[in-house]
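The following dialogue introduces a reader to the features of one protein model. Please look at the sequence and the structure before reading on.

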Amino acid sequence: MSERITIKSQREIELMRAAGAVVRDTLLLLEKSAAIGMTTEELNKIAEDFIRSQGAIPSFLNYEGYPKSICTSVNEQVVHGIPGGYKLKDGDIISVDVGAILNGYHGDAARTILIGNVKDEVKQLVEVTRECFFRGMEQAVAGNHIADIGAAVEQCAHDHGYGVVRELVGHGIGTSMHEPPEVPNFVDKRHGRGPRLYPGVTIAIEPMITLGTADVVVLKDGWTVVTRDAKPAAHYENTVAITANGKPEILTL
Ligand code: CO
């Protein structure tokens, strides 16, 4: 992984659009497929088969030993839930996180899907998490700094009384899934405004928002991040390019 923020050429952005399209289409397929009674392992298989059918590679598989092709995080699970025998039930929310490599370039995105009849309170959490992404994304413009994104996400979450997870952050993305810079969903005064954004910088913006407190713990499987108070959490992520025209381009939507 390179130490510096890389600026992608138009040709590279084009390649990232193609990788991003595979991720977007996989997420659309998962949104159509997820249903009561289905296991998270079945969703993993649907996603992996589709990604490969597009000539792409699931980037999460074997990443630092991660055993599956997608992450499936149900209810109080925030991120990095491992697909398995869990059967989705009425009222669940499930965050699906998908990454794919196509022609050497990465796309990374996540959605939180409602299963059956979800409580209004939880539905609102899911909707606001998506809104917080867009608030953050609006700040992903040349001349702004990384912290402007987190400030907007955090403001959006706090306006609704939600928590913002601090242990995990968004990231630069390109020929690696994780590149500099880190993209926190909050402002840390000690870190100042963070690096400046330029056209050609590509980042994954990924708010992780909680209904209760923002504290998280990792389960014994070494991956699954859950809220400490066991209240629900939602995740929404897209890969975004900073452009020269003042409008960020979403590569995975
Ligand atoms: Co990501």
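**Reading the model, feature by feature**

A: Among the strands, β7 (170-172) and β8 (179-183) each supply at least two residues to the lining of the largest pocket. This is a predicted model, and the pocket makes a convenient place to begin.

Q: Which strand gives the largest share of the lining of the largest pocket?

A: That strand is β8, with four residues. The lining of the largest pocket comprises 25 residues in total, and those nearest the centre are Y63, H80, V169, H171 and H178. The volume of this pocket is about 500 Å³.

Q: What are the protein donors of the cobalt ion, and how far from it do they lie?

A: One reads a metal site by listing the atoms that face the metal. Here they are D108 (OD), H171 (NE2), E206 (OE) and E237 (OE), at 2.1 to 2.4 Å from the cobalt ion. H171 has already appeared as one of the residues nearest the centre of the largest pocket.

Q: How are the donors of the cobalt ion spaced along the chain?

A: Their spacing follows the pattern D-x62-H-x34-E-x30-E. D108 belongs to strand β5 (residues 105-114), and E206 to the loop between β9 (202-205) and β10 (208-210), so this pair ties together parts that are 98 residues apart in sequence.

Q: Are D108 and E206 buried or exposed?

A: Both D108 and E206 are buried.

Q: Why is the arrangement around the cobalt ion irregular?

A: The judgement rests on the angles between donor atoms. The four donor atoms subtend angles of 84 to 169° around the cobalt ion, and the arrangement is therefore irregular. For comparison, four donors count as tetrahedral if all angles lie between 85 and 135 degrees.

Q: What is the order of strands in the open sheet that contains β3?

A: A sheet is read strand by strand, from one edge to the other. This open sheet has three strands in the order β3-β12-β11, and their pairing is antiparallel. Its edge strands are β3 (77-79) and β11 (216-218), each of which pairs on one side only. On average, neighbouring strands of this sheet are turned by 40° against each other, direction ignored.

Q: How many bridges join β3 and β12?

A: Two bridges join β3 to strand β12 (residues 225-227), in the antiparallel sense. Q77 stands opposite V226 in β12.

Q: Which strands form the open sheet that contains β10?

A: Three strands form that open sheet, in the order β6-β10-β13, again with antiparallel pairing. β6 (163-164) and β13 (233-235) stand at the edges with a single partner strand each, so one side of each has no neighbour in the sheet. Two bridges connect β6 with β10 in the antiparallel sense, and V164 stands opposite I209 in β10.

Q: Which residues lie on the two sides of β2, and are they buried or exposed?

A: In a regular strand the side chains alternate between the two faces of the sheet. In β2, I70, T72 and V74 lie on one side and C71 and S73 on the other, and all are buried. Strand β2 covers residues 70-74, and five of its five residues are buried.

Q: Which strand pairs with β2 over five bridges?

A: The partner is strand β4 (residues 93-102), which pairs with β2 in the antiparallel sense. S73 stands opposite S95 in β4.

Q: Which peptide bond is cis, and what is its omega?

A: Most residues other than glycine have a negative phi, and most peptide bonds are trans. The bond from P180 to P181 is cis, with omega near 5°. P181 lies in strand β8, which supplies four residues to the lining of the largest pocket.

Q: What is the phi of N62, and what is that of A230?

A: Phi of N62 is near 70°, a positive value in a residue other than glycine. N62 is placed in the loop between β1 (57-58) and β2. At 60% relative accessibility, N62 counts as exposed. Phi of A230 is likewise positive, near 65°. A230 is found in the loop between β12 and β13, and is exposed with a relative accessible area of 53%.

Technical notes
Residues are numbered from 1 along each chain as its sequence is written. This is a predicted model: local features need pLDDT of at least 70, side-chain atom pairs count only at pLDDT 80 or more; totals for chains, interfaces and linings use all residues. Side-chain values use heavy atoms; hydrogens and water are left out. Donors are N, O and S atoms within 2.8 Å of the metal (3.2 Å for Na, K and Ca); water is not among the atoms, so sites may look incomplete. Four donors count as tetrahedral if all angles lie between 85 and 135 degrees; four count as square planar and six as octahedral if opposite donors are over 155 degrees apart and all others between 65 and 115; anything else is irregular. Buried means under 20% relative accessible area, exposed over 50%, partly exposed in between (1.4 Å probe, protein chains only). Two strands pair if DSSP finds at least two bridges between them. Axes are lines fitted to C-alpha atoms, for helices over the stretch in contact, and angles run from 0 to 180 degrees between N-to-C directions. On a 1 Å grid over the protein atoms alone, a cavity is a set of points where a 1.4 Å probe fits but cannot get out, and a pocket is an open set with protein on both sides within 12 Å along at least five of seven lines; lining residues have an atom within 4 Å of a point. Grid points are joined across faces, edges and corners, and a volume is the space filled by probe spheres set on the points.
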